[in-house]
Every structure is written in C-alpha cells, then in structure tokens.
Amino acid sequence: MNWVWFHRFGSPPYFYRFAGRWAPWFLGIAVLLLLVGLYGGLVAAPVDYFQSDAYRIIYVHVPSAYLSLMTYTWMAIAAAVGLIWRIKIAHAVAASCAPAGATFTAVSLITGMIWGQPTWGTYWAWDPRIVSQLFVLFFFLGYIGLRGAIEDRDRADRASAVLAIVGVVNVPIVHFSVDWWNSLHQAPTLLRSDGPSMPMSMAWPLLVMIAAYTFYFLAIMLMRARAEVMRRERGGAWLREVLAREAT
Amino acid sequence: MNVMRNSAAAAATAILQRDLLLAYRRPGEWLQPLAFFAIVTVLFPLALDPEAARLRQLAPAALWVSLLLASLLALDFLYREDARDGTLEQYVLSGQPFTALLLAKTATHWLLTGLPLALFGPLAAISLGAPPQAAPGIFVALLLGSVTLSLLGSIGAGLTLGVRRGGALLSLLVLPLAMPVLVFGARATALAIAGDDASGALYLLAAMGVLSLTLAPLAAAAAVRISLE
Amino acid sequence: MSEFLDMSGYGAYVWSAYAIAIGGLVLNVWMARRQQRRAVQEARRRLAMQEQS
C-alpha cells in the first residue's frame, strides 16, 4: 500500500507538474551549495603539504566522477524499470540521464588529466579507474548514439534500455580486468589511490560540492525528463492547459 | 517437457544447418572477414619495422585487434538478411524459444569467423615471429575469446538491427564491451609466446565465455525482438 | 589577489580544471532549457495540426 505514492509518477500530468515545481528549487539549492563549496575549496581549505595548491582540483574532479557514476546507476535503474514494467516516464528519465552523464564523465576525465600533470608528471596513465571511466564515456556515447539512430521512440526506449542493463553488468568486469591487467605491469608508483586521510578542514568543501552536484543532477534530470514527457504526449487536455500557461 | 526441449534443439540444429548451407553457397560473405584478418596482420609488420624481437612483442596486440575488427565486420551479416526477408519474424512466430534459435545463428557466426580465425591465428602469430611451440596456447586463447566476441556481437547486432548504416554505431556499442576479452586474450597470447604458463588468463577467458553464453543470448533475443516490432 | 590567482604556481592547472567543470555545469543547464523550449514549440505545432485536421 505504501507503493501508491510512487505510482503517481507514472502519470504524465502529475510528473510534469512535479518536475516543474521541484527542478528550480533543486537548481537553486545546488547553486547555493556550489558557491559555498567553491569558497571552501578555493579559499578556506588549507594548502596541502604534498601537493600545494594543485590538490584543489579535487573539489571539481571528485564530484564530477561521482556524478557520472550516479547518473550511470540512475539510468540503468530507470531503464530496467521502464523495460520490466513498461513505464514510459522511466524511459524518459533514463533518456534524460545520458547527456549529463556523458558531459560529467568527460569533465572528470579532463580535470583528472589536468590534475595528473602537476602531481604525477603525466596527463594520462593506464590506471584501472581512468580506463573504467573512459569505458563509461564510450558507453554513454553509444547509448546516445543508439537512441538517436532509432527513429521509433518506443523502440529506441527499449533498445537503449537493454544496452543500459548490459553495460551495467559489464562495468565491474571491465574494472577488474583492467585491475588485473595493470597489476601484472609494474606497480604504479606515482599513483597513490589512498593518500593521507583528509583532515576535516579539507574534507568539508568536498562534501558540500558532492551535495551540490547531487541536487544539480536531480534538477537537470527533472528538467530534461519534463521536456521528454511533453514530447511524448500526443495530445490530451493537460497538455493544452500547460501550453496555454507556458510563455514562449 | 522433454519433447519441447527436443523440438527446440531440433529447430536450432535446423537453423544452424540452413545458415551453414547458405554460407557455403555464398562464400564471399564469410571469406571477407578472414581475408581482412589476414591483411591486417600482414600490415602490422609492414607498418612497423620487421625486426623479429619487436614484432614478437607486438604480435598479441596485432592478433587481437585484427580478430576484434574481423569479428565486427562479420556481424553485419548476422541478422540483417534474415530480418530483411522476414525470416526472423517467422522464428518469433514459430513458437520455439527465440533465444535458442538466435543462439544457433550466433553459433553460425562463430563457426564461420571465430573458428577459422582461431585456426589461422597461430599461423599469423608464427609469421610475426612467435615460436611454433606457442601455437596451441594461441589457438586456445583465440578459440575462447572469439566465443565471447561472437556472443557480445550478437547483442550489438540485435540492437542496431533497425538502424540504417549501423556499422559505426555497432562498433561503438560492441568495442567497449569487448575490452576485457582483448585484455585477457592479448595477455594469454603474450604469455604463450614468451613460453610461460598461460592457463590463468585462459581460465579467465573461459569464464567470460561461459558468462556471456548464459547471459548474452537473453539480451540478444530481447534486442532482436525490440528491433523487429 | 594575484597570489590567490597564482595558486602557488599551479594557477593554470587549477583554474582550467575549475573552468571546465563549471563550463560543464552551465552547458547542461543550457541544454536542458533548450530542450524544454523545443518541446513546447513542438507540442504547440502538433496541437495546431491536430486542430486543423
């Protein structure tokens, strides 16, 4: 019985109204947290003993990587829900995740490269985490490509959902295989995956940034899913009503 | 129940026979990937310098990258013809388990690309400077790896079935999935060429083969069904 | 101030990373907004066509 609240999300008008109401709030909270996090990361956090000021890249790098993985998980869950219970809104949500996921995977890779140069002395290393992230980027691009290539929306939804599920099964295999492959090469001496544990004065801006990115993701996802829902609607009184209210 | 299973197996065998017969009548299609494999492995020493020691080091990479590309090339005719003339729809309507029927088609793909490439691979490796003793190890690695590649490819081919000019998209979808196979396959080949024990990597290749044999046909069947609607 | 911009010599690295990250954030908001505008336009056109027929 506790389920009932959830089923309302399957109704396009309800979802559209819900997304329209909450997306601006989430975006506002995200911007506020982002400003606090940026101040904390760039100004308030003390200089690192080993990496000097270069470590400050962590405050944009880690949240981006986190966002890309969160998007990936959300997308796969939404795709599975859509495929199994045939809920159209779930497909709309899955479709809305991919572009943000692709951008933030790319951002995390690029900021990682920029960070790598001053600290490891190289832009690129074949470290398991970097390669997995690159795989995730290819996966997002493939997902977007497949979705764009199939004209029929319903078919595009379900084909890309199958791809999302296959991709999720494959991610751990990729990670472990690269891990194993790399461990046979010489041990990475420059890469310390666990540095010295972070003092609170450095950690709090990171936590704030991660919270900001979470709200940001929710806002973007709702905004995009809202547009997707509208695109999928073939008429209906609520659409007329909404369009009458919508400014051009 | 037993009758059902037998009839599914019979139907799958019939499809396998039909596809092999078709391939026999039209050898151009499946010979292309083989020729492609041969040319790419020949191009490697020409593009690099033909110094034996360096070639031997690059042999695993050359073999596996060409295997991957040749397998992708052959995926194009996995479902396409049968989708165009309505054969796949008949399979769906036949009442037989669709997964089993598609698995038979994937088996054809493997028999026509994976198996000959695995047979030809050691020869190519020797021409790249691998010692003849490495041939059995290379053969087994290619054999196991190509099974996984065919199965993963069947998912990608199913997903891109309804897509016009889906070739580039197909490789974008399949290549990331195939990365673990490439990693372990090349590793096993390198170990075999160096004369070391490659069984660890071979076991992992076999494990991936079994995993994809259990899961990939389901995903491929779902993908083809969606594309046919 | 210039000391802050210099980031003890790592200014180019730090600021370019921040610029790219923030660029990504802004880009996604912009793309989502554009998608919404387009969806509204499309829906309007679709409804107008339905009413005509």
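This is a selection-by-selection tour of a predicted model, going from the contact between chains A and C to a group of helices in chain B.

**Stop 1: chains A and C**

Show chains A and C together. Of the 2 pairs of chains that touch, A and C make the most contacts. On the chain A side 33 residues take part, and on the chain C side 26. Helices α3 (58–85), α4 (88–120), α7 (200–232) and α8 (237–245) of chain A each supply at least two residues to the side facing chain C. The helix that gives the most is α4(A), with 11 residues. By class, the chain A side consists of 19 nonpolar, 7 polar and 7 charged residues.

Now bring chain B into view beside chain C. Chains B and C do not touch, and 23 Å separates their nearest C-alpha atoms.

**Stop 2: α4(A) against α2(C)**

Select residues 88–120 of chain A and residues 11–52 of chain C, the latter being helix α2. The two axes are 9 Å apart, at an angle of about 175°. Angles over 145 degrees count as roughly antiparallel, and α4(A) and α2(C) are therefore roughly antiparallel.

To colour the contact, pick these residues:

- from α4(A): A:P99, A:A100, A:T103, A:F104, A:V107, A:I110, A:T111, A:I114, A:W115, A:Q117 and A:P118
- from α2(C): C:Y13, C:S16, C:A17, C:I20, C:A21, C:G24, C:L27, C:N28 and C:M31

This contact has 14 nonpolar and 6 polar residues, with no charged residues.

**Stop 3: α6 of chain B**

Move to chain B and select residues 135–159, helix α6. From first C-alpha to last, its 25 residues reach 36 Å, close to the 36 Å expected at 1.5 Å a residue. Is the helix enclosed or open? Of the 25 residues of α6(B), 21 are buried, so the helix is largely enclosed by the rest of the structure.

**Stop 4: two neighbours of α6(B)**

Add α3(B), residues 52–84. Its axis comes within 9 Å of that of α6(B), and the two cross at roughly 45°. That makes α3(B) oblique to α6(B). The crossing is right-handed. Contact residues on α3(B) include B:L67, B:L68, B:S71 and B:L72, and those on α6(B) include B:L142, B:S146, B:L149 and B:S150. The class count is 9 nonpolar, 7 polar and no charged residues.

Next add α7(B), residues 167–194. Here too the axes come within 9 Å, but the crossing angle with α6(B) is roughly 175°. The pair α6(B) and α7(B) is therefore roughly antiparallel. Among the contact residues are B:G137, B:I138, B:A141 and B:G145 of α6(B), with B:L170, B:L173, B:V174 and B:L177 of α7(B). The contact of α6(B) with α7(B) has 14 nonpolar, 7 polar and no charged residues.

B:L149, B:G153, B:G156 and B:A157 of α6(B) are listed in the contact with α3(B) and also in the contact with α7(B).

**Stop 5: B:M208**

Finish on B:M208, in helix α8 (residues 199–228) of chain B. B:M208 has 23 C-beta neighbours inside 10 Å and so counts as buried. Which residues does B:M208 touch, leaving out those up to four places away in sequence? They are B:T148, B:P180 and B:V181. Of these, B:T148 belongs to the α6(B) side of the contact with α7(B), and B:V181 to the α7(B) side. For a distance label, use the C-alpha atoms of B:M208 and B:V147: they are separated by 9.2 Å, with the residues 61 apart along the chain.

Key: Residues are numbered from 1 along each chain as its sequence is written. Chains are lettered from A and ligands numbered from 1 in the order in which they are written. This is a predicted model: local features need pLDDT of at least 70, side-chain atom pairs count only at pLDDT 80 or more; totals for chains, interfaces and linings use all residues. Two residues are in contact if their C-beta atoms, placed from the backbone, lie within 7 Å. Helices (H or I, at least four residues) and strands (E, at least two) are DSSP runs, numbered from the N terminus. Ala, Val, Leu, Ile, Met, Phe, Trp, Tyr, Cys and Pro count as nonpolar, Asp, Glu, Lys and Arg as charged, and the others, Gly among them, as polar. Axes are lines fitted to C-alpha atoms, for helices over the stretch in contact, and angles run from 0 to 180 degrees between N-to-C directions. Angles under 35 degrees count as roughly parallel, over 145 as roughly antiparallel, 65 to 115 as roughly perpendicular and the rest as oblique. The expected span of a helix is 1.5 Å times one less than its number of residues. A residue is buried if 20 or more other C-beta atoms lie within 10 Å of its own, exposed if 12 or fewer, and partly exposed in between; C-beta atoms are placed from the backbone. A crossing is left-handed if the near helix is turned anticlockwise from the far one by less than a right angle, and right-handed if clockwise.
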